[in-house]
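Work through the exercises below with the sequence and the 3D structure at hand. Try each task before reading its solution.

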Amino acid sequence: MMTSKEIRATFLNFFKSKGHEIVPSAPMVVKNDPTLMFTNAGMNQFKDIFLGNEAGKADRIVDTQKCLRVSGKHNDLEEVGRDTYHHTMFEMLGNWSFGDYFKKEAIDWAWELLHKVYGIPADRLYATVFEGSEKDGSEKDIEAFDLWKQYLPENRILLGNKKDNFWEMGDTGPCGPCSEIHIDLRTNAERAAIPGESLVNKDNPLVIEIWNLVFMQFNRKSDGSLELLPAKHVDTGMGFERLCMALQGVTSNYDTDIFQPVIGKIAVLSGKKYGENKDSDVAMRVIADHLRAISFSIADGQLPSNVKAGYVIRRILRRAVRYGYTFLGFDKPFICKLVGTLVDEMGETFPELVKQQQLIEKVIREEELSFLRTLEIGINMLDKLVRESKKQGKKQIGGTDIFTLYDTYGFPLDLTELILREQGLEADKEEFDAEMQKQKTRARNAASMEVDDWIVIKDGEPEFVGYDCTSSETKILRYRRVKQKDRDFYQIVLNRTPFYAEMGGQVGDSGVLESESEKIEIFDTKKENNLSVHLAKKLPAGDLSGTFIASVDICKRTATECNHSATHLLHYALRKVLGMHVEQKGSFVSPEVLRFDFSHFQKVSYDEIREVEKLVTKAIRNNIPLDEYRNISIDEARSMGAMALFGEKYGDRVRVIRFGDSIELCGGTHIHQTGHIGTFRIVSEGSIAAGIRRIEAVTAEECENFLYMQQDLLYSIREMFNNAPNIQQAVHKFLSENQELKKMVEEFKKEKLVIVKKELAKQMKKINGINVLLVKSVFYAPDFIKEIALQLHGEFTERFLFLVGGSDAGNKPSITLMISDDLVKSGFDASKLIRSAARHIQGGGGGQPYLATAGGKNADGLNAAIDEIMSAVVNC
């Protein structure tokens with residue numbers, strides 16, 4: 001039996017023998033593409049080639065691509081672990097032709113590899129081809145059908161509809177018919193009873209698709225029509241996990257040697273055996289799958305967070321924690337203990353796992369601790385809802401409350417339903433779904449965007465000239481209108497542009513596009529499908545085929561460049577001061593500020609920050625010139641010592657930026673000498689995730705403003721102390737004296753409290769057998785009254801009630817209610833009484849059954865509030 005490592009190597013080497021170049025997987029986390037958060041298909045890294053925006057490094061390529069599917073069109077998350085073949089993170093084996101071979105070679109080689117090399121019996125294989133679509137005006141894929149007839153009888157060549165057999169990149173763009181290869185893994189008896197062709201694409205777990213051959217020959221326009229592409233391409237994708245299942249003779253992806261080592265480790269940690277219990281088996285599969293998605297994402301630079309891609313990773317991680325908590329009894333971090341096993345199994349193929357193992361373990365552990373605390377909070381809140389529902393005789397918990405638990409506190413719905421079932425209750429699922437739909441509608445409206453087709457003015461390839469100039473003659477190549485959030489703007493592509501498009505953490509340039517008669521504001525520049533698109537509120541008037549002058553806002557560009565170059569100097573300084581373990585994990589560079597995220601496992605001390613600032617400032621004073629190397633090989637860059645960042649996709653040719661000993665791969669714009677930065681200061685440092693710190697800093701004019709602000713603050717403090725010559729000594733003396741005065745005030749308060757308590761006790765009356773001390777219109781602070789209440793609670797232990805209502809000098813009303821323990825046991829609840837009465841003063845309150853307080857805005861309602869509480873005493 002072949003191991004998974006052998007199966008992967010066989011695929012790559014087979015296509016290498018057919019003239020394909022083996023290329024590494026692109027990062028699973030997508031950067032610089034606003035349309036995509038994660039690589040969800042093998043073709044993503046080649047999208048710009050299919051769109052015609054860049055040339056391929058070779059006409060034939062083969063790879064294994066790490067992918068993630070959890071959201072949007074490819075949402076498989078809720079199926080993961082419940083069945084045998086869905087995953088979040090998976091490997092996609094693929095071979096590619098960019099304008100070279102087409103259907104014949106793709107089908108011939110697929111058959112040769114599956115049947116002759118891997119040895120899959122021919123009678124277990126099926127192929128599907130596109131049946132055509134009248135709506136699109138596209139015909140049946142007769143060419144593919146005839147090619148398959150060489151290898152399969154016609155009853156095992158099935159026609160598929162547009163949904164299954166026509167692949168599209170999106171609503172617009174390259175597309176074409178596809179031919180899927182399915183395998184029947186059932187027993188011979190099952191195959192004899194029911195023909196396999198009747199189960200293809202019917203969600204049978206043992207009759208599954210393993211390979212999809214996509215033949216890209218069309219371009220889908222925004223009006224839905226199709227046009228032929230200038231060159232035809234082949235894009236194939238084979239699910240590695242499914243292929244291993246077929247070749248290793250098992251009936252579940254999770255029974256392959258890809259997952260079994262991790263599942264075995266989970267079994268050891270939990271003390272449960274895989275295969276003995278359905279719920280625990282699902283939990284182990286969920287955790288084994290999610291571990292891969294989480295670990296690869298962190299290795300590629302995406303940390304769990306509450307926004308965008310980070311939120312997706314946090315959601316996956318929390319789903320794994322919840323399954324372990326609910327079905328395997330894990331109430332302490334455990335996923336972090338599985339990372340070593342994953343690295344042992346996959347680190348050879350994906351070395352980023354090996355290098356980032358410590359960070360992955362640290363981040364996962366902190367996330368687990370955080371979510372376990374969340375689960376505890378959620379369970380306590382749910383217990384309260386359960387008690388209240390049972391007290392009211394209800395059998396259902398409101399969907400709005402359940403949604404609040406889910407949305408605000410991250411408490412999973414299915415765990416809520418499980419706990420409620422154990423209590424004989426259920427959730428109002430209809431109301432929950434309605435709340436969920438409202439949220440989705442809000443999110444959809446916020447993200448909705450309508451994009452017209454490109455209007456081509458002139459053929460040509462765009463060229464970026466912004467490294468050498470900030471103004472250039474140019475022509476418009478194409479443009480299109482975009483509507484987003486009720487605003488219209490235009491995307492413009494120029495043949496020569498000095499505008500830097502937002503990428504690598506550096507914001508895009510702004511400026512103007514100028515003709516002889518007018519200036520059009522370019523308010524931003526973005527990178528989209530490897531095109532620099534210039535965003536403008538309107539198009540130039542008149543002839544769009546004419547010549548324009550594109551000019552960057554020099555002030556903003558220079559300020560941004562100062563911050564970008566300072567970021568490189570900061571990175572170098574951090575590694576010198578803190579150690580060579582420091583690696584960049586993210587950055588943001590704008591004209592106003594620079595932000596730098598880096599790996600480090602403890603707070604950076606004040607002295608360390610000062611040392612870093614000194615090193616950066618020294619580099620600025622030395623006025624180091626920019627040493628730039630354009631279009632050099634990646635190997636040459638590494639031999640120079642240039643730092644490459646994990647999670648970034650680099651081509652064969654790269655750009656290196658060097659300032660003295662600081663050497664980095666970088667595509668951004670920079671100042672020509674460090675002296676132009678002027679000055680540098682760190683304004684904040686803190687943790688953003690486990691093992692990840694963030695520094696914010698300012699340079700040049702913004703730094704001067706920061707220093708002026710600090711000086712102004714110091715000057716105003718000095719004035720407060722009558723311009724004392726030694727301000728530090730004066731402040732220290734002030735704080736010491738203040739502490740002594742506080743002690744004296746506390747002593748006076750204690751003496752006052754004893755006096756006030758004795759005076760109040762004289763007003764005690766007996767009502768309905770209860771000793772009632774009712775005090776109105778008191779002007780003492782609520783905290784003072786509360787302290788009296790606590791002391792009285794200790795002194796009067798039987799049938800005693802203390803009620804105070806009053807308002808402060810600002811006429812803000814407050815109520816304090818204390819009840820002796822025996823009255824609490826008989827049914828009185830200070831917290832409930834206070835909450836009800838607080839509505840009279842337009843406020844809210846709460847506390848414990850024996851002591852509660854409330855505050856409000858309407859002092860005129862105090863009497864009504866007090867009367868309501870007293871009526872409970874009278875009528876008890």
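**Exercise 1. The chain as a whole**

Task: Find what share of the contacts with a separation of 6 or more comes from residues 24 or more positions apart, then describe the chain overall.

Solution. Step 1: In this predicted model, residues 24 or more positions apart account for 67% of the contacts in the protein chain with a separation of 6 or more. Step 2: The chain holds 25 helices and 34 strands. Step 3: Its C-alpha trace spans about 105 × 80 × 55 Å along the principal axes. Step 4: Of the 876 residues, 49% are buried. Step 5: The exposed surface of the protein chain is about 41900 Å², and carbon and sulfur atoms supply 48% of that area.

**Exercise 2. A sheet and its edges**

Task: Give the strand order of the open sheet of 3 strands and explain which strands stand at its edges.

Solution. Step 1: The order is β24-β25-β26, and the pairing is antiparallel. Step 2: β24 (627-633) and β26 (662-665) each have a single partner strand, so they are the edges, and one side of each has no neighbour in the sheet. Step 3: On average, neighbouring strands of this sheet are turned by 20° against each other, direction ignored. Step 4: β25 (residues 653-659) pairs with β26 over 4 bridges in the antiparallel sense. Within this pair, V656 is opposite L665 of β26. Step 5: Helix α17 (residues 554-578) packs on the sheet and touches β25 and β26. The direction of α17 makes about 115° with that of β26.

**Exercise 3. The partners of β23**

Task: Which strands pair with β23, and over how many bridges?

Solution. Step 1: β22 (residues 584-589) pairs with β23 in the antiparallel sense over 5 bridges. A hairpin of 4 residues joins β22 to β23, and G586 stands opposite D597 in β23. Step 2: β23 also pairs with β28 (residues 692-699), in the antiparallel sense over 6 bridges. Here F598 stands opposite R693 in β28. Step 3: β23 (residues 594-599) is mostly covered, with 5 of its 6 residues buried.

**Exercise 4. The two faces of β32**

Task: How many residues of β32 (residues 813-819) are buried, and which lie on each side?

Solution. Step 1: In a regular strand the side chains alternate between the two faces of the sheet. Step 2: P813, I815, L817 and I819 are on one side of β32, while S814, T816 and M818 are on the other. Step 3: All of these are buried, which covers both faces. Step 4: With 7 of the 7 residues buried, β32 is therefore largely enclosed by the rest of the structure. Step 5: β32 pairs with β34 (residues 851-855) over 5 bridges in the antiparallel sense, and S814 stands opposite G855 in β34.

**Exercise 5. Two residues with partial exposure**

Task: Classify G99 and L741 as buried, partly exposed or exposed, and describe the surroundings of each.

Solution. Step 1: Buried means under 20% relative accessible area and exposed means over 50%, with partly exposed in between. Step 2: G99 has 45% relative accessibility, so G99 is partly exposed. G99 is in the loop between β3 (89-98) and α3 (103-117). Leaving out residues up to four places away in sequence, G99 touches A231, K232 and H233. Step 3: L741 has a relative accessible area of 49%, so L741 is partly exposed. L741 belongs to helix α21 (residues 727-761). L741, M744 and F748 make a nonpolar surface patch of about 320 Å².

Definitions and conventions. Residues are numbered from 1 along each chain as its sequence is written. This is a predicted model: local features need pLDDT of at least 70, side-chain atom pairs count only at pLDDT 80 or more; totals for chains, interfaces and linings use all residues. Side-chain values use heavy atoms; hydrogens and water are left out. Two strands pair if DSSP finds at least two bridges between them. Helices (H or I, at least four residues) and strands (E, at least two) are DSSP runs, numbered from the N terminus. Axes are lines fitted to C-alpha atoms, for helices over the stretch in contact, and angles run from 0 to 180 degrees between N-to-C directions. Contact means heavy atoms within 4.5 Å. Patches are made of residues with over 30% relative accessible area and no salt bridge: like charges are joined within 9 Å, nonpolar side chains (Val, Leu, Ile, Met, Phe, Trp, Tyr) within 5 Å. Accessible areas come from the Shrake-Rupley method with a 1.4 Å probe; for residues, only the protein chains shown count as cover. A salt bridge is a side-chain nitrogen of Lys or Arg within 4 Å of a carboxyl oxygen of Asp or Glu. Buried means under 20% relative accessible area, exposed over 50%, partly exposed in between (1.4 Å probe, protein chains only).
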